[in-house]
Amino acid sequence: MSTETTASVSTHILDTSIGKPAEGVAVSLSARTGPAGEWAALGDSATDADGRCKDLPALPEGTTHVRLDFETESYFHDKHSSEKQAEAQQDAPRVRDSGAFFPEVTITFAVTPGEHYHVPLLLNPFGYSVYRGS
């Protein structure tokens, strides 16, 4: 939860290739103070059945930049192994051996104290999109 001196962050992931939330994606949260500051790891989480991380830690006072790291490689490897088998029997584009063209996604953004930042990730094996949600 944000306060007058801190910002807060939440996220969720939708797997647009299947039209469902992405469950079990590891997410790491880091923060820094100022554009040249050192990144400090704040904690790790994983998306739930609704694709949400509900236990991301609070941001420290003075945070100006936040980084979310999403581990997408193992998600696509685990969740789409049956799709890869079916794909091998068709003339469809092949997914890389890892199951994803982007094995990880890192989103870095600026924050202002007192505001909440919801950062949804729309994900598929060959691309992603992200935006500031509400």
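**Salt bridges and strand pairing**

Let me begin with a single residue, K54, which is exposed, its relative accessible area being 68%. Before I go further I should say that what you have in front of you is a predicted model, and I will try to keep my wording within what such a model can carry.

K54 takes part in a salt bridge with D48, the N to O distance between the two side chains being 3.8 Å. Its partner D48 is partly exposed, with a relative accessible area of 24%. In general terms, side chains of opposite charge can pair when their charged atoms come close.

How many salt bridges does a search of the whole structure find? The number is 4, and I will talk about two others besides the one between K54 and D48. R52 forms a salt bridge with D50, and here the closest N and O atoms are 3.0 Å apart. Both ends of this pair count as partly exposed, because R52 has a relative accessibility of 31% and D50 one of 41%, and the partly exposed class runs between 20% and 50%. The other pair is D69 with R67, whose side chains meet at 3.5 Å, again N to O. D69 is partly exposed at 22% relative accessibility, and R67 is likewise partly exposed, at 21%; since buried means under 20%, I would ask you to read these two labels with the cut-off in mind.

R52 also leads us to the strands, as it is the bridge partner in β5 of H12. Strand β5, residues 52–53, is joined to β1 by 2 bridges, and the two strands run antiparallel.

Is strand β1, which covers residues 8–15, mostly covered or mostly open? It is mostly covered, with 7 of its 8 residues buried. Besides β5, strand β1 is joined to β8, residues 116–124, by 8 bridges, and in this case the strands run parallel. A further 2 bridges join β1 to β2, residues 20–21, in the antiparallel sense. If you would like one residue to follow by eye, take L14, which stands opposite L122 in β8 and also opposite P21 in β2. The hairpin of β1 and β2 has 4 residues between the strands, and within this hairpin G19 takes a positive phi near 70 degrees.

Now to the open sheet, and to D69 once more. Four strands form this sheet in the order β4-β3-β6-β7, with antiparallel pairing. Which strands stand at its edges? They are β4, residues 40–46, and β7, residues 104–110; each has a single partner strand, so one side of each is left without a neighbour in the sheet. From one strand to the next the twist averages 20 degrees.

Within that sheet, β6, residues 65–71, pairs with β7 through 7 bridges, in the antiparallel sense. D69, which we met as the salt-bridge partner of R67, stands opposite T106 in β7. Finally, helix α1, residues 72–79, lies across β6 and β7 and runs at about 25 degrees to β6.

To gather this up for discussion, R52 is a residue to look at twice, since it counts as partly exposed at 31% relative accessibility, forms a salt bridge with D50, and is the bridge partner of H12. D69 can be read in a similar way, through its salt bridge with R67 and its place opposite T106.

Methods: Residues are numbered from 1 along each chain as its sequence is written. This is a predicted model: local features need pLDDT of at least 70, side-chain atom pairs count only at pLDDT 80 or more; totals for chains, interfaces and linings use all residues. Side-chain values use heavy atoms; hydrogens and water are left out. Buried means under 20% relative accessible area, exposed over 50%, partly exposed in between (1.4 Å probe, protein chains only). Two strands pair if DSSP finds at least two bridges between them. Axes are lines fitted to C-alpha atoms, for helices over the stretch in contact, and angles run from 0 to 180 degrees between N-to-C directions. Contact means heavy atoms within 4.5 Å.
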